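Dear colleague,

I am passing this structure on to you, since you will be looking at it for the first time. Please open it alongside this message, and my notes follow below.

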Amino acid sequence: MNELTVFNRNGQLYTDSRDVAKMIGKDHAHLMRDIAGYIETLNQSKIGFVDFFSKSNYKDAKGEIRPCYLITKKGCEFVANKLTGEKGVIFTAAYVN
């Protein structure tokens, strides 16, 4: 997967944390943990996280509601800045495009 699905919600463009996790080869739960850490740091800095991440959820194959994040382009930069090597290059190119 070298493309991210981008969608508009209430005038803001997002991609889903599940798609990002697949693209960078990271377990979704680990990406969720990382994003929660970014949000905590942003909140402590009084910057806020709404321009970067939005809490959301989805229905899994069992029909259960699970958490995820909607990630803006700025949020993708947070994720991309933590990546190195080929995965980092590919992910950064995908979100920039």
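Is the crossing of helix 1 and helix 2 left-handed or right-handed? In this model, which is a predicted one, the two helices cross in a right-handed manner. Helix 1 covers residues 17-24 and helix 2 covers residues 28-44, and they pack at an angle of about 115° with their axes 9 Å apart, so helix 1 and helix 2 are roughly perpendicular to each other. On the side of helix 1 the contact involves S17, R18, V20 and A21, which meet H28, L31, M32 and I35 of helix 2; by class, this contact has 5 nonpolar, 2 polar and 1 charged residues.

Turning to the interior, the largest nonpolar core has 21 residues, and those with the most contacts inside it include V20, I35 and Y69. At least two residues of this core come from each of helix 1, helix 2, strand 4 (65-71), helix 3 (73-81) and helix 4 (85-96), with helix 2 giving the most, namely 6 residues. Leaving aside residues up to four places away in sequence, Y69 touches a number of others, among them M32, I35, I39 and F53.

Two backbone details may also deserve your attention. Most residues other than glycine have a negative phi. N10, however, has a positive phi of about 55°, and is found in the loop between strand 1 (7-9) and strand 2 (12-16), where N10 counts as exposed at 79% relative accessibility. K46 likewise has a positive phi, near 65°; K46 lies in the loop between helix 2 and strand 3 (53-59) and is exposed, with a relative accessible area of 76%.

With best wishes

Notes:
Residues numbered from 1 in each chain as written. Predicted model: local features only at pLDDT ≥ 70, side-chain atom pairs only at ≥ 80, totals over all residues. Heavy atoms only, no water. Axes fitted to C-alpha atoms, helices over the stretch in contact; angles between N-to-C directions. Helix = DSSP H or I, 4+ residues; strand = E, 2+ residues; numbered from the N terminus. Parallel < 35°, antiparallel > 145°, perpendicular 65-115°, else oblique. Left-handed = near helix turned anticlockwise from the far one by under 90°. Contact = heavy atoms within 4.5 Å. Nonpolar A, V, L, I, M, F, W, Y, C, P; charged D, E, K, R; others polar. Core = buried A, V, L, I, M, F, W, Y, C linked by side-chain atoms within 4.5 Å. Buried < 20%, exposed > 50% of the residue type's maximum accessible area, 1.4 Å probe, protein only.
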